[in-house]
Amino acid sequence: MDTECLAQRQDISSMIYLDTLLFEQITSEFKKLMSKGAMTSSLNVTYDWFIKFHEYIQNDDRWEVMRNIVPISVQDIKDDPDRITEEHQKAIGTIQKSLNGRVRDYVTLCFRSFIKEALGIPTNFIHDPTLLEEIKEIGFTKLPDLQDEQLNKIDNFLRSQTIYGGDNQEDLTPITLDDAKAHHLGHIQTEDLINSIDVLYAGTDPVFLSIAENYMNHPVIITNIQSWWSFPGHKEAKNAQFFHLDLDDYRFCKGFIYLTDVDQNSGPHCYIPETHKFDTILEAYSNASDKDEYINWYTETLRKTDEDCRHYLNRDFENITGKRGSRLMVDTSGIHKGLLPVEGKRLILQFLYAQTAYTHSPVELIPFSSFITDQPEHIVKHFEHPTVQYALQLFVDFSA
Ligand SMILES: O=C(O)CCC(=O)C(=O)O
Ligand SMILES: [Fe+2]
């Protein structure tokens, strides 16, 4: 069978793939933060997490193969901390390229066992089985809307934040909302977002966490929090406004909240159903007349055209519209984009729920005491839960 043949052809150990751009961005931020001498940064959390993980796989023979997939030792990490990101990034790309579900399941099981057995973090939240089934089957699901009171608090906070123009997070030019329209996107910085307890609550809201942890089958770590405006008035799409897939971790999903009404014209998130499954990608491989060209398109073409997606995948695109307050959970390892708005701007808040602690841009941690004082008891209880603290460990110092 074609699929069998592809899995064999793509020998996992012989392929080296590194998302150089992402790797360089993350390591340069690590270095910036280190040179500032940040006392409590998420760097420490990342190192601790990986040192424990690598000790775990050394001491348990079930994970012998894992040692070859990520061939670094605890000593290597201590000598050269950047290798954490480098080696894991390489392994993620290699698994994605191999389209080998068995290898990915094995790796995922290894991380799951580590989190549950070695770290002892409990899963917590009851999920809606219909929604879980939907994201498993098609790659995304719409969740119940955020309630008005919470929505308004987040909205007010986001609208009071500095916006940085440019089309990616690195262009740090503060501008007004009006000026920002000259760009495709206007970002609010993660460092600013984490000052809001409402943002932190929204990311760990049981509605999101229940689906994320049951989709991944273990407690999740939030490795990125982002918010940005997308503006109309541009002729051409740019960057993530073209179809692409994310390689943010071995397994991950993203929670989105629309802060503006999003219709067909105001830049809805667009997803090609079932492309998060290797089986779908392998089926398209079987159907492709030029198999090398197809594999090259899937694995190497960063920005994919609508025409190519239609040609290779032969599936409808789904534009996910929704009013202000809509929430989605999406496995963006499937093929997706944010449509270029034609009319009307879109404000979005996004959380990345990951399996490991490695692909985040480090920030200085917010002391827990600085935002929890004077909060009502149910909020305090929420943030005291180990699953919530585990999810937020790259942003909040719960010991301070
Ligand atoms: O803007 C969107 O809807 C999608 C952005 C995107 O590609 C992502 O968050 O991974
Ligand atoms: Fe994306």
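**Figure 1. Strand 9 is covered on both faces.** In this predicted model, strand 9 spans residues 327-330 and has buried residues on its two sides. R327 and M329 lie on one side, and L328 and V330 lie on the other. In a regular strand, side chains alternate between the two faces of the sheet. Strand 9 pairs with strand 1 (residues 140-143). These two strands run antiparallel and are joined by 4 bridges. Within this pairing, F140 stands opposite V330 of strand 9. Strand 6 also pairs with strand 9, in the antiparallel sense and over 4 bridges. Here I257 stands opposite R327 of strand 9.

**Figure 2. Strand 4 has buried residues on both faces.** Strand 4 covers residues 185-188. L185 and H187 are buried on one side. G186 and I188 are buried on the other. Which strand does strand 4 join through 4 bridges? The partner is strand 5, and the two run antiparallel. L185 has S230 of strand 5 as its bridge partner.

**Figure 3. Three strands make an open sheet.** The 3 strands follow the order 8-7-10, and their pairing is antiparallel. Strand 8 (318-320) and strand 10 are the edge strands, and each pairs on one side only. From one strand to the next, the twist averages 20 degrees. Strands of a sheet pair through backbone hydrogen bonds. Strand 7 (residues 269-271) is joined to strand 8 by 3 bridges, and these strands run antiparallel. C270 has N319 of strand 8 as its bridge partner.

**Figure 4. L339 sits in a loop and is buried.** The loop lies between strand 10 (336-338) and strand 11 (346-354). Why does L339 count as buried? It counts as buried because 20 C-beta neighbours lie inside 10 Å, and 20 or more is the cut-off for a buried residue. Leaving aside neighbours within four places in sequence, L339 is in contact with Q241, G267, P268, C270 and N319. Two of these residues, C270 and N319, are bridge partners, with N319 in strand 8. L339 and H269 are 70 residues apart in sequence. Their C-alpha atoms are 6.2 Å apart in space.

**Figure 5. Eight residues surround ligand 1.** What surrounds ligand 1? The residues are A240, D246, K254, H269, T332, H336, G338 and Q350. By class, this shell has 1 nonpolar, 5 polar and 2 charged residues. H269, part of the shell, belongs to strand 7, which spans residues 269-271. H336 and G338 also belong to the shell, and strand 10 runs over 336-338.

**Figure 6. Two asparagines have positive phi.** Most residues other than glycine have a negative phi. N217 departs from this with a positive phi of about 70 degrees. N217 lies in the loop between helix 13 (206-216) and strand 5 (221-230). Is N217 buried or partly exposed? N217 counts as partly exposed, because it has 16 C-beta neighbours inside 10 Å. N239 also has a positive phi, near 45 degrees. N239 lies in the loop between strand 5 and strand 6 (252-258). With 14 other C-beta atoms within 10 Å, N239 is partly exposed.

**Figure 7. H311 lies in helix 16.** This helix covers residues 306-313. How many other C-beta atoms lie within 10 Å of H311? There are 13, so H311 is partly exposed. H311 and A288 are 23 residues apart in sequence. From C-alpha to C-alpha, they are 9.1 Å apart in space.

**Figure 8. The whole chain gives the setting for the close-ups.** The protein chain has 19 helices and 13 strands. Buried residues make up 38% of its 400 residues. Consider the contacts between residues at least 6 apart in sequence: 85% of them join residues at least 24 apart. The average pLDDT of the chain is 87, and 87% of the residues score at least 70. Over residues 1-20, the pLDDT is below 50. Beyond near neighbours in sequence, this stretch has 34 contacts in the model.

Methods. Residues are numbered from 1 along each chain as its sequence is written. Chains are lettered from A and ligands numbered from 1 in the order in which they are written. This is a predicted model: local features need pLDDT of at least 70, side-chain atom pairs count only at pLDDT 80 or more; totals for chains, interfaces and linings use all residues. A residue is buried if 20 or more other C-beta atoms lie within 10 Å of its own, exposed if 12 or fewer, and partly exposed in between; C-beta atoms are placed from the backbone. Two residues are in contact if their C-beta atoms, placed from the backbone, lie within 7 Å. pLDDT is the predictor's confidence in each residue, from 0 to 100. A residue is near a molecule or strand if its C-beta atom, placed from the backbone, lies within 6 Å of it. Ala, Val, Leu, Ile, Met, Phe, Trp, Tyr, Cys and Pro count as nonpolar, Asp, Glu, Lys and Arg as charged, and the others, Gly among them, as polar. Two strands pair if DSSP finds at least two bridges between them. Axes are lines fitted to C-alpha atoms, for helices over the stretch in contact, and angles run from 0 to 180 degrees between N-to-C directions.
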